[in-house]
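Subject: Handover of a predicted structure

Dear colleague,

Please find below the structure that I am handing over to you. I would be grateful if you could read the notes after it alongside the coordinates.

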Amino acid sequence: MIPDVTVTTKAIHNHKYTPSVVEPSFGVGRILYSVLEHSFSTRQEDENRIVLSLSPLDAPIKVALLPLSNNPRLKQHSKQLYNEFIRSRISAKMDDSSVAIGRKIRSPGPKRGTLF
């Protein structure tokens, strides 16, 4: 004949889930933090060097003009080029100090997110 049927509840497994997404909010702080979090990196050969790699749309300074010498003609041409960038609404910085080019390149420009 028909055996008795019993209903039982049995836990098969426990699955723990930890979400790993950036929670959006209406505050700018969290969005800016997540952009910066994914943009900072260190070079493999030198961990003391921090690099900020932003997309061109996010970079605060697009162009850095670093003249190679203190030649007055070169400075005048660099100034004209700088003014052309500003007139075209391209954010630019110009370093016309008499420091060596190696020190200009290693200045805080790359940490500020300068692209070109």
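The notes below go from the chain as a whole to individual residues and contacts.

**Overall description**

Please bear in mind throughout that this is a predicted model. The chain contains four helices and four strands, and from the N terminus on these elements follow the order α-β-β-β-α-β-α-α. Of the 116 residues in the chain, 13% are buried. The accessible surface comes to about 10500 Å², with carbon and sulfur atoms contributing 57% of that area. Among contacts with a separation of 6 or more, 53% are between residues 24 or more positions apart.

**Helix α1 and the nonpolar patch**

Which residues form a nonpolar patch on the surface? They are V28, L32, L36, F40 and I50, and together they have about 460 Å² of accessible area. Helix α1, which covers residues 28–37, gives the most to this patch, with three residues. V28 is located in helix α1 and has a relative accessible area of 64%; since the threshold for exposed is over 50%, V28 is classed as exposed.

F40, one of the patch residues, is also in contact with V51. V51 belongs to strand β2, residues 50–52. Leaving aside neighbours within four places in sequence, V51 has contacts with S39, F40, S41 and R43. For V51 and S39, which are 12 residues apart along the chain, the C-alpha atoms are separated by 8.1 Å.

**Helix α2**

Helix α2 spans residues 72–87. The helix has 16 residues and reaches 22 Å from its first C-alpha to its last, close to the 22 Å expected at 1.5 Å a residue. At the start of α2, the backbone nitrogen of R73 has a side-chain oxygen of N71 within 3.1 Å.

Is S78, a residue of this helix, buried or exposed? Its relative accessibility is 9%, and because buried means under 20%, S78 counts as buried. Not counting residues up to four places away in sequence, S78 touches L65, P67 and M94.

How many salt bridges does a search of the whole structure find? The search finds one, and R87 and E84 are the residues that form it, with their closest N and O atoms 3.1 Å apart. Side chains of opposite charge can pair when their charged atoms come close. R87 and E84 are three residues apart in helix α2, so about one helical turn separates them. With respect to solvent accessibility, R87 is exposed at 58% relative accessible area, whereas E84 is partly exposed at 39%.

**The loops on either side of α2**

The loop between β3 (63–65) and α2 contains N70. With a relative accessible area of 43%, N70 is partly exposed. Leaving aside neighbours within four places in sequence, the contacts of N70 are with K75, D96, S97 and S98. N70 and S97 are 27 residues apart in sequence, while their C-alpha atoms are 8.2 Å apart in space.

The loop between α2 and β4 (92–94) holds R89, and S91 is found in that loop between α2 and β4 as well. R89 comes just after α2 and has a phi near 65°, a positive value in a residue other than glycine. Most residues other than glycine have a negative phi. At 80% relative accessibility, R89 counts as exposed.

S91 is partly exposed, at 27% relative accessibility. Not counting residues up to four places away in sequence, S91 touches P60, I61, K62 and V63. S91 and A64 are 27 residues apart in sequence, and their C-alpha atoms lie 8.9 Å apart in space.

**Points to look at in the model**

When you open the structure, the following items may serve as a guide.

- The salt bridge between R87 and E84, with closest N and O atoms 3.1 Å apart.
- The positive phi of about 65° at R89, just after α2.
- The nonpolar surface patch of V28, L32, L36, F40 and I50.
- The contacts of S78 with L65, P67 and M94.

Yours sincerely

Conventions: Residues numbered from 1 in each chain as written. Predicted model: local features only at pLDDT ≥ 70, side-chain atom pairs only at ≥ 80, totals over all residues. Heavy atoms only, no water. Helix = DSSP H or I, 4+ residues; strand = E, 2+ residues; numbered from the N terminus. Buried < 20%, exposed > 50% of the residue type's maximum accessible area, 1.4 Å probe, protein only. Contact = heavy atoms within 4.5 Å. Areas by Shrake-Rupley, 256 points an atom, 1.4 Å probe, with all protein chains shown as cover. Patch = residues over 30% accessible without salt bridge, like charges linked within 9 Å, V, L, I, M, F, W, Y side chains within 5 Å. Salt bridge = Lys/Arg side-chain N within 4 Å of Asp/Glu carboxyl O. Expected span 1.5 Å × (residues − 1). Polar contact = N/O pair within 3.5 Å; in protein donor to acceptor, adjacent residues only side chain to side chain.
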